[in-house]
Amino acid sequence: MKITILDDYFDTIRTLACFKKLDGHEVTIWNDHIQDDDVLCERLRDAEVLVLIRERTKIRAPLLQRLANLKLISQRSVYPHIDVEACTQGGVILSSFQHPGTPCYAAAELTWGLILSAMRQIPQQMAALREGRWQIGVGDTLRGKTLGIYGYGRIGRAVADYGTAFGMKIVIWASEASRARAAADGFIVAESREAFFAECDVISLHLRLYDATRHIVTAADLSRMKPTALLVNTSRAPLIEDGALVDALRAGRPGSAAVDVFEAEPVLDTGHALLSMDNVICTPHIGYATREEYETQFNDIFDQILAYQAGAPINVINPDVLKP
C-alpha cells in the first residue's frame with residue numbers, strides 16, 4: 001500500500017523499531033508542517049493510507065473530497081482535527097486507538113519538569129549565568145504547598161502522584177464523576193471551583209478538549225489565583241478563555257505560568273506574547289514527544305494499518321463506513 005506520514009519534524013519515525021512493521025509498503029514521510037489544502041492534496045494524491053502525528057494537521061471535508069485514493073487514516077488518541085463525518089461520506093476509515101487505562105507518562109513527566117523549572121526559575125537562572133550573572137533570584141520549595149489538579153484523568157492522576165511524592169497537598173477539581181473518583185482514591189476535593197482557584201499554589205490543567213471544556217478556565221477563575229501561584233498547561237490551550245492567560249499574567253494573578261500548548265501551532269513568531277514574558281516558561285508542545293512514547297503510539301498506529309490490510313479494521317471511530 002501507499003502510505004504517507006505527515007509532520008515528522010525530526011525524521012524520527014523511520015528510526016523506530018516498530019517502523020519495520022511497514023516493510024513491503026511504499027512509505028512517504030514529510031518532515032515539514034503544511035496546512036495549505038492545495039499542497040496537501042498534491043502530497044496525498046496517491047496515498048491509500050494517511051498517518052497523522054497527533055493533531056498537527058487538520059483534515060477537513062474540502063481536503064478529503066479531493067483525495068480519491070485515500071481509504072484509511074491511522075492515528076492515536078483524540079481527533080478534533082479530523083472531520084469524521086466527511087471521512088464516512090468519502091468512504092475513509094478513521095482508526096484511532098484511545099489507549100484506555102494507560103496514561104501518557106511522557107506528558108505527566110514534562111508537566112512535572114515544568115513545575116520544577118518554574119518554581120526554581122531554572123531557565124531564567126541558566127540564561128542569566130550564560131550572560132555572566134550569578135543568582136538572579138530566589139525560588140520556591142514545593143514541599144508543603146498545595147497542588148491543584150484540574151481534571152482527574154489518567155495524566156492528572158499521575159501528576160497527583162508525583163506531587164504526593166514531593167510532599168505537596170493535592171486538591172482536585174473536575175467533573176462530578178471525576179471528583180467522586182478522586183475522593184475514593186484518597187485525594188482532597190475542593191469545596192468549590194472558586195475555592196480551588198483561590199487556594200492552590202500550583203494549578204495544572206489535565207482536561208481533554210471538546211465543546212464542553214473549551215474555554216472552561218475563565219478570566220474570573222484566573223483572577224482568583226494567588227499572585228504567587230503558578231498555572232501549568234500541558235493539555236490544550238483552548239481550555240483557557242481566549243487572551244485570558246496573557247491578561248491575567250499582566251495583572252499579576254497568577255504570578256507565573258508554564259505552558260506547552262498554544263492556540264495556533266506551530267508557534268514560529270518570536271513576538272508571541274507569552275514568549276516575551278519573564279514569568280512564563282514555554283515549550284513547543286513536546287509533552288508526548290519522547291522516543292519511548294513514539295514507540296508506544298506508532299506500534300498502535302501501524303497495527304491499525306496491518307489490520308486494515310488484513311481486511312479486519314480495528315479501533316474504528318466511524319463504524320458506519322464499514323456498512324455495505
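Biologist: How many helices and strands does the protein come to?

Modeller: Keep in mind that this is a predicted model. Its secondary structure mixes both kinds of element, and the tally is 11 helices and 12 strands.

Biologist: Which radius of gyration does the protein have, and what would a compact globule with 324 residues have?

Modeller: The C-alpha atoms fill a box of roughly 60 × 50 × 35 Å along the principal axes. For 324 residues, a compact globule would come out near 20 Å, and the protein agrees with that, at 21 Å.

Biologist: What share of the contacts between residues at least 6 apart in sequence joins residues at least 24 apart?

Modeller: Let's start with burial: 46% of the 324 residues are buried. As for contacts between residues at least 6 apart, the share joining residues at least 24 apart is 63%.

Biologist: How much of the exposed area do carbon and sulfur atoms supply?

Modeller: The protein exposes about 15600 Å². Of that area, carbon and sulfur atoms supply 52%.

Biologist: How far apart do the centres of the positive and negative side chains lie?

Modeller: There are 33 positive side chains and 41 negative ones. Take the centre of each set, and the two lie apart by 4 Å.

Biologist: R54 is buried, so which side chain of opposite charge is nearest?

Modeller: R54 sits in the loop between β3 (49–51) and α2 (61–64). A salt bridge needs a nitrogen of Lys or Arg within 4 Å of a carboxyl oxygen. R54 has no such bridge, and the nearest side chain of opposite charge, 4.6 Å away, is E55.

Biologist: Leaving aside neighbours within four places in sequence, which residues is R54 in contact with?

Modeller: One of them, S77, lies in the loop between β4 (72–76) and α3 (84–89). The full set for R54 is Q75, R76, S77, H81, R236, Y288 and Q297.

Biologist: Is S77 buried or exposed?

Modeller: S77 has a positive phi of about 80 degrees, although it is not a glycine. Buried means under 20% relative accessible area. S77 has 6% relative accessibility, so it counts as buried.

Biologist: Which relative accessible area does D7 have?

Modeller: D7 is another non-glycine residue with a positive phi, about 65 degrees. It is found in the loop between β1 (2–5) and β2 (26–29). D7 is buried, with a relative accessible area of 2%.

Biologist: How many residues apart in sequence are the parts that K226 and D201 tie together?

Modeller: The side chains of K226 and D201 meet in a salt bridge, 2.8 Å from N to O. K226 lies in the loop between α9 (219–223) and β10 (230–233), and D201 in the loop between α8 (193–199) and β9 (202–205), so the parts tied together are apart in sequence by 25 residues.

Biologist: Is D201 buried or exposed?

Modeller: Its partner K226 has 25% relative accessibility and counts as partly exposed. The cut-off for buried is under 20%. D201 has 14%, so it counts as buried.

Biologist: What is the N to O distance where D11 and R14 meet?

Modeller: D11 is partly exposed, with a relative accessible area of 27%. R14 also counts as partly exposed, at 42%. Their side chains meet in a salt bridge, with an N to O distance of 2.9 Å.

Biologist: With which residue does K323 form a salt bridge?

Modeller: K323 is exposed, with a relative accessible area of 57%. Its partner is partly exposed, at 47%. The closest N and O atoms are 3.0 Å apart, and that partner is D320.

Biologist: Which residues do salt bridges that share partners join into one network?

Modeller: The structure holds 15 salt bridges. Some share partners, and the network they make joins R76, E293 and D300.

Biologist: Which residue does a cis peptide bond join to P254?

Modeller: P254 is found in the loop between α10 (244–251) and β11 (256–259). The bond has an omega of about 5 degrees, and the residue joined to P254 is R253.

Biologist: What is omega for the peptide bond from E265 to P266?

Modeller: P266 is found in the loop between β11 and β12 (280–282). The bond from E265 is cis, with omega near 0 degrees.

Technical notes. Residues are numbered from 1 along each chain as its sequence is written. This is a predicted model: local features need pLDDT of at least 70, side-chain atom pairs count only at pLDDT 80 or more; totals for chains, interfaces and linings use all residues. Side-chain values use heavy atoms; hydrogens and water are left out. Helices (H or I, at least four residues) and strands (E, at least two) are DSSP runs, numbered from the N terminus. The radius of gyration is taken over C-alpha atoms; the globule rule is 2.2 Å times the number of residues to the power 0.38. Buried means under 20% relative accessible area, exposed over 50%, partly exposed in between (1.4 Å probe, protein chains only). Contact means heavy atoms within 4.5 Å. Accessible areas come from the Shrake-Rupley method with a 1.4 Å probe; for residues, only the protein chains shown count as cover. Lys and Arg count as positive and Asp and Glu as negative; His and the chain ends are not counted. The place of a charge is taken as NZ of Lys, CZ of Arg, CG of Asp or CD of Glu.
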